[in-house]
Amino acid sequence: MNFVGNHIISVGQFNRLAADRVFEVADSMQPYAMRKNITRVLQGAILSNMFFEPSTRTRVSFGSAFNLLGGEVRETTEVKASSLAKGESLYDTARVLSGYSDVIVMRHPESGSVAEFAEASRVPVINGGDGPNEHPSQALLDLYTMRTEMAASGQSIDGLKIALIGDLKFGRAVHSLCKLLCLYDSIQLNLISPPELALPDDVLDLLKAANHTINIFHDMAEGIQGVDILYVTRTQEERFPSQQEADKYKGLFRLNQAIYTENCAPNTVIMHPLPRDSRAQAQELDDDLNQNPNLAIFRQTDNGMLIRMALFALVLDVVNEVDKNAQPVTWYTARRHLPI
Ligand code: CP
């Protein structure tokens with residue numbers, strides 16, 4: 001895969017070598033993310049961060065990643081703050097914004113919208129999530145986190161046993177992660193969801209074609225036994241036809257410390273793409289797991305910075321220049337002392 005100048009729209013663009021290259025570059029971004037060093041390698045470059053759906057992690061971490069490489073960020077959040085609200089097409093918006101920017105990250109509620117936008121763009125576009133379809137940078141950071149978490153016990157991604165729990169129908173993070181896992185060997189996936197929120201057939205077919213072992217469960221306690229990783233997801237209420245319909249599925253699967261202790265091996269890693277829904281009727285990942293050392297959710301979000309810095313460095317072809325520009329950080333930074 002050639003990263004330089006290219007769009008990143010789908011994990012389908014990646015082979016195993018390309019994923020490994022992203023992880024290798026992400027590793028090299030640690031000193032900058034940890035505020036040991038600064039680099040101005042993207043000084044003068046502009047990122048347009050276009051988020052037409054709510055976001056905390058993806059929007060802020062893409063923006064911060066670009067800042068940490070020395071670039072400037074221009075943001076638009078919400079359709080109503082852009083001329084899309086006046087009927088402007090994605091084509092025109094892309095033609096215009098690509099004249100102002102060196103790279104664009106876009107999130108939009110429609111499947112395929114980011115690909116349509118990218119076709120008209122004169123600069124590289126990175127998909128920050130297109131409806132229920134894909135979330136490639138999330139899948140890369142999830143896989144990077146799995147790789148890092150399992151390295152402690154000497155295990156690689158090949159042969160992992162993973163439980164995917166919750167809304168597997170609308171969860172774009174799950175869809176992209178499953179597609180990326182097809183690059184690896186002998187994965188066991190326990191798919192735990194209500195029957196109505198099962199993994200879409202096209203994604204299931206890819207997993208089967210990769211010869212992975214697929215087990216389907218509707219009972220969480222049964223499905224989480226014997227796995228290495230629990231990947232919990234929120235009910236994606238914004239994708240349902242009505243709030244009432246979404247509410248039917250909230251709270252059906254709740255992972256808490258007691259259920260974890262009863263059903264999982266003590267070192268089972270707990271992941272979630274976040275946000276978790278902490279409202280009383282949902283709580284798919286209980287706060288009582290916050291002190292569990294195997295809760296990797298905030299290591300996941302920290303890893304998102306590394307992955308997004310790596311994507312910018314690869315797409316804008318500055319990987320070999322980053323360290324040449326490095327200088328030590330001179331201010332006091334608590335960040336440096338936090339475990340990542
Ligand atoms: N995981 C994720 O996409 O989070 P945000 O919606 O906050 O960006």
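**Exercise 1.** In which loop is the place of P275?

*Solution.* In this predicted model, the flanking elements are found to begin with: they are the strand β10, spanning 269-271, and the helix α12, spanning 297-315. P275 has its place in the loop between these two elements. The peptide bond that joins L274 and P275 is then examined, and with omega at about 0 degrees it is a cis peptide bond.

**Exercise 2.** Locate Q283, describe its phi, and decide whether Q283 is buried, partly exposed or exposed.

*Solution.* The place of Q283 is in the loop between β10 and α12. Its phi is positive, at about 50 degrees, although Q283 is not a glycine. Because partly exposed covers the range between under 20% (buried) and over 50% (exposed), the relative accessible area of 25% makes Q283 partly exposed.

**Exercise 3.** Carry out the corresponding analysis for E78.

*Solution.* E78 lies in the loop that runs between β3 (72-77) and α4 (90-97). The phi of E78 is near 80 degrees, which is a positive value in a residue other than glycine. As for accessibility, E78 stands at 42% relative accessibility and therefore counts as partly exposed.

**Exercise 4.** Place W331 along the chain, classify its accessibility, and state what separation its C-alpha atom has from that of N67.

*Solution.* W331 lies in the segment after β11, a strand that covers 327-328. With a relative accessibility of 46%, W331 counts as partly exposed. Finally, W331 and N67 are 264 residues apart along the chain, and their C-alpha atoms are separated by 17 Å.

Key:
Residues numbered from 1 in each chain as written. Predicted model: local features only at pLDDT ≥ 70, side-chain atom pairs only at ≥ 80, totals over all residues. Heavy atoms only, no water. Helix = DSSP H or I, 4+ residues; strand = E, 2+ residues; numbered from the N terminus. Buried < 20%, exposed > 50% of the residue type's maximum accessible area, 1.4 Å probe, protein only.
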